[in-house]
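Today I opened a new model and went through a few spots in turn. Have a look along with me.

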Amino acid sequence: MFSPSGPPKADDVDDRHLLTICHSDGFGLCIRALRDCASGLVLDHFSGKIGPQMSQHSLQVAPGLHIGGTRYIGYLSHGCDPNCRLDMVRFELVACRPIGAGEILTIDYAATEDQLFSQFACACGAENCRHWITGRLDPVSAAGQLHLSARDLAARHIAAASA
């Protein structure tokens, strides 16, 4: 059923309904897989309006250019150990690892964004969690520095209490 010339694509699958937009208490609006998806599967071919305007639900396609008005990718959640990646040349959302039905799709925002619309605290729970999310060229904001300092102080307090 899959094309031997490249990775499996969503169009090669009987059930073309792979993704849904939903709400999660921890993530807000997010995207969930409707069925199990193999690593390397192209989950979405996206299109939208490309221009200089950055918004909460746009993604950077090139320096100074963002894509908005997409069906799914503007609602992808952040994860420091993501289960998906965006190919901004082919405009594809690709599974980085097997994804279970019902799982929330995540990307690392710093993989595509030089600067975020808004930096935020991360609670993804990944072993490699950065705890404050910025674009790849963003300096950590004052709020981020405060958050990270408070987190470090709390961790030292817990370590001291355990000793």
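My entries on confidence, one hairpin, one strand residue and the aromatic pairs follow.

I noted first that this is a predicted model, where local features need pLDDT of at least 70, side-chain atom pairs count only at pLDDT 80 or more, and totals for chains, interfaces and linings use all residues. Residues are numbered from 1 along each chain as its sequence is written, and side-chain values use heavy atoms, with hydrogens and water left out.

Confidence: I found an average pLDDT (the predictor's confidence in each residue, from 0 to 100) of 87 for the protein chain, with 85% of the residues scoring at least 70. Residues 1-15 fall below 50.

Hairpin: I looked at strands (E runs in DSSP of at least two residues, numbered from the N terminus). Strand 5 (residues 59-62) and strand 6 (residues 65-68) pair (DSSP must find at least two bridges) in the antiparallel sense over 3 bridges. A62 has L65 as its bridge partner, and G64 in the hairpin takes a positive phi near 80 degrees.

S24: I found S24 in strand 1. S24 is buried (under 20% relative accessible area, 1.4 Å probe, protein chains only; exposed is over 50%, partly exposed in between) at 11%.

Aromatics: I counted 2 pairs (ring centres within 6.5 Å; planes under 30 degrees apart are stacked, over 60 edge-to-face, the rest tilted). F46 and F91 are tilted because their planes sit at 35 degrees, with centres 5.3 Å apart. F46 is buried at 6%, while F91 is partly exposed at 23%. Y109 and F120 are edge-to-face, at 5.9 Å and 70 degrees.

Notes
Helix = DSSP H or I, 4+ residues; strand = E, 2+ residues; numbered from the N terminus. Contact = heavy atoms within 4.5 Å. Phe/Tyr/Trp six-rings, centres within 6.5 Å; stacked < 30°, edge-to-face > 60°.
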